[in-house]
Amino acid sequence: MMKNAVEVADLVVRRGGREVLRSIGFTIERGSVTGLLGPSGCGKSTLMRSLVGVQQLTSGTVKAFGEEAGAKALRSRIGYVTQAASVYDDLTVTENLNFFAKVLGVNKGEVAEAIDAVDLRSHADVVVGQLSGGQRSRASLAVALLGDPDLLVLDEPTVGLDPVLRRDLWELFHRIAARGAAVFVSSHVMDEADRCDRLMLMRDGVIIADDTPLRICEKTRTDDIESAFLALVEGAGDQS
Ligand SMILES: Nc1ncnc2c1ncn2[C@@H]1O[C@H](COP(=O)(O)OP(=O)(O)OP(=O)(O)O)[C@@H](O)[C@H]1O
C-alpha cells in the first residue's frame, strides 16, 4: 500500500497578484493527524484547496495517493470540509446526509454512524437552517466522513466550538487516523497544536517549522507553540 497520502513539491500559488504559497514541499503519511497552524491570511486555506484540487497552481506539483490533485479517482477517497458550511439549509441533518450518501454512492447505513460521530444525533431531524454555526459545521464534517475517506482535509473545523466539543472532535480525528487515514487539519488557534501528531507552522506562504509539537518546542527552546512561533519569526530559535 502506498504510504504517502499527500506529496507536495515546489508548490507556488499566486492569488490576486500576490504569491500566497511560496515554494512549499512536504509529504503526509497515512495514520496520523497533521496540523497546519498559522495566522489568518498566511495561506492555510489556499494550501488545502491545492490538496483537494480546487486551486489553480502557478507551479509545482500536488499529488494524493500518487494521483494528481483533483483527479476523478480521488473523489471518493478525500473528505474536505471548508470554512463555509456545505450543507443545504432547507434539509434536515439526516436528509442532507442521505442526499450526499446517494451522490457519493455510499451505503445509507453509514449516515447514522456519521451523525453520531459528530454528536448530532439529538438534532438529526432538525432543518440545518435552524442549527447554530458550530452545529452546521459539524453537519458538514459528517458529510465528509461518509465513505470512510483515506484523506480528510479539514479547514478550521473547530472554530466556534465549545472546549468539550473541540476535545471530542480531536479525539474523533485521532480515531479516524488510527484506522489508517491521513487527517490534515488547519487552525489559527495555537492551543490546538498539542493535539496534533505532527505540526506544520505556516507564515506568509512559507512553512517555517514541520515536526512534532514537542520537538518544535525543544528546537526553539520554548514551552509552548505560541512562543515557538514567535521565536521562529523573530529568528531567535535555534533550528540547527
Ligand atoms: N479569491 C481570492 N483572490 C485573491 N486573493 C485571495 C483570494 N482568497 C484569498 N486570497 C489571499 O490569499 C492569501 C491567503 O489566504 P488564505 O485564505 O489561504 O489564508 P488562511 O491562512 O486560510 O486565512 P484564514 O485563517 O483567515 O482563513 C491572503 O492574503 C488572501 O488575501
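This passage walks through a predicted model of a protein, from its overall build to its domains, one of its sheets, the ligand site and a few single residues.

The overall picture comes first. The protein contains seven helices and ten strands. Its C-alpha atoms fill a box of roughly 55 × 40 × 35 Å along the principal axes. A compact globule of 240 residues would have a radius of gyration near 18 Å, and the 18 Å of this protein agrees with that expectation. Of the 240 residues, 43% count as buried. The contacts tell a story about the chain as well: among those between residues at least 6 apart in sequence, 65% join residues at least 24 apart.

The next level down is that of the domains. Domain 1 is assembled from the stretches 1–77, 150–159 and 167–205, while domain 2 covers 83–148. Taken over C-alpha atoms, the centres of domain 1 and domain 2 are separated by 22 Å. Where the domains meet, seven residues of domain 1 are in contact with eight residues of domain 2. On the domain 1 side, strand β7 (151–155) and helix α5 (163–178) each supply at least two of the touching residues. By character, the domain 1 residues on this side divide into three nonpolar, one polar and three charged.

A helpful place to start tracing the chain is the pair formed by strand β1 (residues 4–15) and strand β2 (residues 18–29). These two strands run antiparallel and are paired over eight bridges. Within the pair, V8 stands opposite F26 of β2. Together β1 and β2 form a hairpin, with two residues between them. One residue of the turn, G16, has a positive phi of about 55°.

The hairpin strands also belong to an open sheet of four strands, which has the order β2-β1-β4-β5 and antiparallel pairing. At its edges stand β2 and β5 (67–68); each has a single partner strand, so one side of each is left without a neighbour in the sheet.

The turn residue G16 appears again at the ligand site. Around the ligand lie R15, G16, V20, G38, S40, G41, C42, G43, K44, S45, T46 and H188. Helix α1 (residues 44–52) gives the largest share of this shell, with three residues. Sorted by character, the shell holds two nonpolar, eight polar and two charged residues.

Two single residues round off the tour. W170 sits in helix α5, one of the elements that supply residues to the side of domain 1 touching domain 2. Is W170 buried or exposed? The cut-off for a buried residue is 20 or more other C-beta atoms within 10 Å, and W170 counts as buried because it has 20 C-beta neighbours inside 10 Å. W170 and R195 are 25 residues apart in sequence, yet their C-alpha atoms are 6.9 Å apart in space.

S227 offers a second example, placed in helix α7 (residues 225–233). With 16 C-beta neighbours inside 10 Å, S227 counts as partly exposed, since that class lies between the exposed limit of 12 or fewer and the buried limit of 20 or more. Along the chain, S227 and V127 are 100 residues apart, and 43 Å separate their C-alpha atoms.

Notes
Residues numbered from 1 in each chain as written. Predicted model: local features only at pLDDT ≥ 70, side-chain atom pairs only at ≥ 80, totals over all residues. Pairing = 2+ DSSP bridges. Domains from an automatic or database assignment. Contact = placed C-beta atoms within 7 Å. Nonpolar A, V, L, I, M, F, W, Y, C, P; charged D, E, K, R; others polar. Near = placed C-beta within 6 Å. Rg over C-alpha atoms; globule rule 2.2 N^0.38 Å.
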